[in-house]
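Me: Can you walk me through this model? I'd like pockets and salt bridges.

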Amino acid sequence: MYHKTLPYRIFSLFNNVFLTVLAILCLLPLYHLLMVSLSASAPANAGLVTFWPIGFTFEAYAKTFDNANFLSSLWVSVQRTVLGTALALVVNTIAAYALSKESTVFRARNLYLWYFVVTMLFSGGLIPSYILILKLGLMNTLMALILPGLVGVFNIILLMNFFRTVPKDLEEAAFIDGAGQFRTFLSVYLPVSLPVVATVSLFMMVGHWNSYFDGIIYIRDSEKLPLATFMQTIIVQADMSKLDPAAVASLSQRTIRASQIFISALPILLVYPFLQRYFVTGIVVGAVKE
C-alpha cells in the first residue's frame, strides 16, 4: 500500500519530528512564563529564571486574585465570551442557513449576500462606530462589547458553504414529514454541522477573549473592563494604578505580568482541545463551495 512505501515512511518521520519540534517551540514561551510566575521576585527581576522556578512560590497568584479589579475584569471577559459567542452563533447560523438557499427558493439571496460581503471590504470607521454606540446608550455596558461584532461575515461564509454541502434529500424528507424551514434548520442542518459550528465557535471565543481595543473605547469604569483591556493598561501602558499598592510593593512587576498573562491564556488553552477534533474538518469543508 502507498503508506507502507519507504519514501512515504521517511516523509512521515520527518513530518512528525518537524511538527513535534514546532509544537515544543510554541509551548516553551508559555512554559517559561509559568516558571517566572512561580518564582521569587529577586531571581525573576534578575532574569535568572529559565525553565525551572527559583524560590518556588504561589505569592504572585495569591496577590493577583486578591486584586478586586482583576477578578471583576476576569468575570466581565467570561460573560462577554459566553454571551457574545452564543448570540453570534444564533445570528450567524440563521443568516448562513438563509443565504445557503438557491435563488429560486430565496429570491433576494444574492442581494443580501452582497450586502454582507461589502461590509468585509468597507467599514464605517472608528468615529461613526463610537457615535453610534453613544447614541444607542450602550457606553460603559457589556452590550457595547458584544453587539458591534455580532455579525461575522467570514463566519457566515464558512457556515453557508457547509450548509450547501448538506444533501438536499435530508431537507426534502423533513419537508415531507411536515417540518418547516425553522424546524428543518434545527433538526437537520445543525446536528450534521457540528464541525463547522465548533470551528466558528472557537473563532468567536478567541476573538471575544483577546479583544481589548473596544474596551478602551467604550468602557469608562475600571471594574467593567474586560480582562484583555485590563492587562493592556497594565502591561503595555505600564499603568499599575489598577493593582493593589501592597501587591506592587511585595512583588516584582515581571512576576505580576507573568501570572496575569498565564491566567488570561489558560481558558482558551483548556477549551481548544475539546474543539480541536472538529477544527480541521470545519475549515476544509466550510471553505469549499460545490
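Reply: Below are notes on the pockets, then the salt bridges, then a surface patch.

Reply: This is a predicted model: local features need pLDDT of at least 70, side-chain atom pairs count only at pLDDT 80 or more, and totals for chains, interfaces and linings use all residues. Residues are numbered from 1 along each chain as its sequence is written, and side-chain values use heavy atoms, without hydrogens and water.

Me: What volume does the largest pocket have?

Reply: About 1000 Å³. A pocket here is an open set of points on a 1 Å grid over the protein atoms alone, where a 1.4 Å probe fits, with protein on both sides within 12 Å along at least five of seven lines; lining residues have an atom within 4 Å of a point. The volume is the space filled by probe spheres set on the points, which are joined across faces, edges and corners.

Me: Which lining residues are closest to its centre?

Reply: Leu147, Pro148, Gly149, Leu150 and Val151, out of 36 that line the largest pocket. By class, that lining has 22 nonpolar, 12 polar and two charged residues. Nonpolar means Ala, Val, Leu, Ile, Met, Phe, Trp, Tyr, Cys and Pro; charged means Asp, Glu, Lys and Arg; the others, Gly among them, are polar.

Me: Which helix gives the most to that lining?

Reply: H6, with five residues. Helices are DSSP runs (H or I, at least four residues), numbered from the N terminus.

Me: And the second largest pocket, how much space lies in it?

Reply: About 160 Å³. H15 gives the most to the lining of that pocket, with five residues. The lining has seven nonpolar, two polar and no charged residues.

Me: Switching topic. How many salt bridges does the count come to?

Reply: Three. The rule is a side-chain nitrogen of Lys or Arg within 4 Å of a carboxyl oxygen of Asp or Glu. One of them joins Arg80 and Asp214 at 2.5 Å, N to O. Arg80 is in helix H4 and Asp214 in helix H12, so the pair ties together parts 134 residues apart in sequence.

Me: Is Arg80 buried or exposed?

Reply: Buried, at 2% relative accessibility. Buried means under 20% relative accessible area, exposed over 50%, partly exposed in between (1.4 Å probe, protein chains only). Asp214 is buried too, at 14%.

Me: What about Lys101 and Glu171?

Reply: Their side chains meet in a salt bridge at 2.1 Å, N to O. Both Lys101 and Glu171 are buried.

Me: Where does Leu28 sit?

Reply: In helix H1, residues 6-37. Leu28 counts as partly exposed, at 30% relative accessibility.

Notes
Helix = DSSP H or I, 4+ residues; strand = E, 2+ residues; numbered from the N terminus.
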